[in-house]
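User: Could you take a close look at the ligand site for me? I'd like to know what surrounds the ligand and how the protein around it is put together.

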Amino acid sequence: MLTDVSDDLPRGLRPTTTTSIPKDCHASPFDLRLQVGGGSLRYARHIGARVIATAGSPAKRDLLRALGVEHVLNSRDLSFAHDVRKLTGGGVDVVLNSLAGEAIGRGLECLRLGDRFVELGKRDIYANSPLLLRPFRNNLSYHAVDITRLIADTPAEAAAAFATVTGRITDGTYRPLPHRAYLAGRVAEALSSLRHSRHLGKVVVTFSGTEPVEVHQRADHAPLDPAATYLISGGLSGLGAATARHLVDRGARHLALIGRRGAGSPEASALLEDLDRQGADAVAHAADVTDRQVITRIVREAAEQGRPVRGIVHAAMQLDDAPLDELTPDRIRRVLAAKVHGARILDEVSRDCELDFFVAYSSVAALVGNLHQAPYAAANLYLESLMRRRRAEGRPGLALAWGGISTPATSPAR
Ligand SMILES: NC(=O)c1ccc[n+]([C@@H]2O[C@H](COP(=O)([O-])OP(=O)(O)OC[C@H]3O[C@@H](n4cnc5c(N)ncnc54)[C@H](OP(=O)(O)O)[C@@H]3O)[C@@H](O)[C@H]2O)c1
């Protein structure tokens, strides 16, 4: 941010003050009554609008009053809609919202006939939350605004808006927001205040010419044990195969790679040749990870051969994407099998192993869902809770929620 704007700072402003200039100043094309964000407040003042504001903590409400907001209500209490109607004798012209969940419905109730709801919050949009439509009988409109998208998709318009804001700061129309500057060495404190919503106004991280920034050297990872076996379910393709290569780069010399097709998996022969060239003994087991007997045997034999399993990566997955109304119990079971039953079996049969890690490959779909992938999202959620349970029991466990990754084996068809 600083480097983007520092060539063109409005006269008389220091960089820390400039970074506190609210980006919301770009975003308020409407008459405004109920507001979020100090930038919107500046804009509302500029156009002569009366503002009713909500905030979630007494300190923030005090700040809004100090900034001259006439009516300040509590956003944690959904009765604000009733109060707004009472204060205005019927409702407001524009609701500028960043509250989530039920508060959105309450916000819509604050509007008068034909007026506008401007959504700055992203949580419900990304969660694909439903919206009750009855308030729209009043000819209301709902606008979602994501400034990051505006900047990425329409950079010329965003630059023009920024120039307007800069002009209004230079001529004193907009004043910078209250802000607190932290030296870079205290960045953890700055982030913590944001995370716990303890900040008022903007949080700015700044560098002083005199105070050195503490830099921590990344700890070198201990090499893997060349005498141990590392087991990867789904290790003969895609991310599992990439993981096998990674473990060998890190010093692993014995791998048990599990997939139902075993060495017959399309990527297997190239993978096994590569690993062999690197001096690793990788065995492709044609096995189903849900077959307890077979998995037990693979783990037992590794121990009997003096190369006990010391690490597990559970990457096996089976997809079967479909809309909910086309799913059958069998189709759901098929998707759950590799991830859920496979994880449970690996968890149970490795109880006597001295594991350094147990990693389960989850997906961002567990967090945000994915169209046509309900069972897959559920299976990943199971993995994440199983890993939490392992950790609670003092055993290693880590779920990695990958985003979309393109590997040779991740063709669109799969
Ligand atoms: N690639 C991505 O973009 C992405 C994104 C988020 C999360 N992830 C996660 O990363 C992991 C690997 O993904 P990927 O894209 O690399 O998948 P992939 O190429 O489709 O590989 C999945 C592997 O699992 C094996 N498998 C399926 N069912 C099995 C079973 N019952 N027993 C044993 N092996 C079984 C398959 O081999 P067989 O068919 O021969 O059994 C295949 O080798 C998955 O857990 C996935 O959820 C991937």
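Analyst: Happy to; here is a walk from the ligand outward into the protein. Please keep in mind that this is a predicted model.

The shell around the ligand holds 27 residues, and those that come nearest are Ser-237, Leu-239, Arg-260, Tyr-376 and Ile-405. By class, 13 of the shell residues are nonpolar, nine are polar and five are charged.

Tyr-376 also makes a polar contact through its side chain, where an N or O atom sits 2.5 Å from an oxygen atom of the ligand. Two backbones take part as well: a polar backbone atom of Met-317 is 3.3 Å from a ligand oxygen, and a backbone N or O atom of Tyr-361 lies 3.4 Å from an oxygen atom of the ligand. The protein buries 94% of the 880 Å² that the ligand exposes when taken alone.

Which elements build this shell? Those giving two or more residues are α11 (238–249), β10 (254–259), α14 (329–349) and β13 (357–363), and β13 supplies the largest share, with three residues.

Now to the protein interior. β10, α14 and β13 also give two or more residues each to the largest nonpolar core, as do α13 (292–304), β12 (309–314) and α16 (374–392). That core has 25 residues, and Ile-295 and Leu-346 are among those with the most contacts inside it. Beyond its close sequence neighbours, Ile-295 touches Ile-258, Asp-288, Val-289, Ile-345, Leu-346 and Val-349. A second, separate core has 22 residues, including Ala-228, Ala-282, Ala-315 and Phe-357.

Terms used: Residues are numbered from 1 along each chain as its sequence is written. This is a predicted model: local features need pLDDT of at least 70, side-chain atom pairs count only at pLDDT 80 or more; totals for chains, interfaces and linings use all residues. Side-chain values use heavy atoms; hydrogens and water are left out. A residue is near a molecule or strand if one of its heavy atoms lies within 4 Å of it. A polar contact is a pair of N or O atoms within 3.5 Å; within protein, one must be able to donate a hydrogen and the other to accept it, and residues adjacent in sequence count only if both atoms are side-chain atoms. Accessible areas come from the Shrake-Rupley method with a 1.4 Å probe; for residues, only the protein chains shown count as cover. Helices (H or I, at least four residues) and strands (E, at least two) are DSSP runs, numbered from the N terminus. Ala, Val, Leu, Ile, Met, Phe, Trp, Tyr, Cys and Pro count as nonpolar, Asp, Glu, Lys and Arg as charged, and the others, Gly among them, as polar. A nonpolar core is a set of buried Ala, Val, Leu, Ile, Met, Phe, Trp, Tyr and Cys residues joined through side-chain atoms within 4.5 Å. Buried means under 20% relative accessible area, exposed over 50%, partly exposed in between (1.4 Å probe, protein chains only). Contact means heavy atoms within 4.5 Å. Lists of a residue's contacts leave out its neighbours within four places in sequence.
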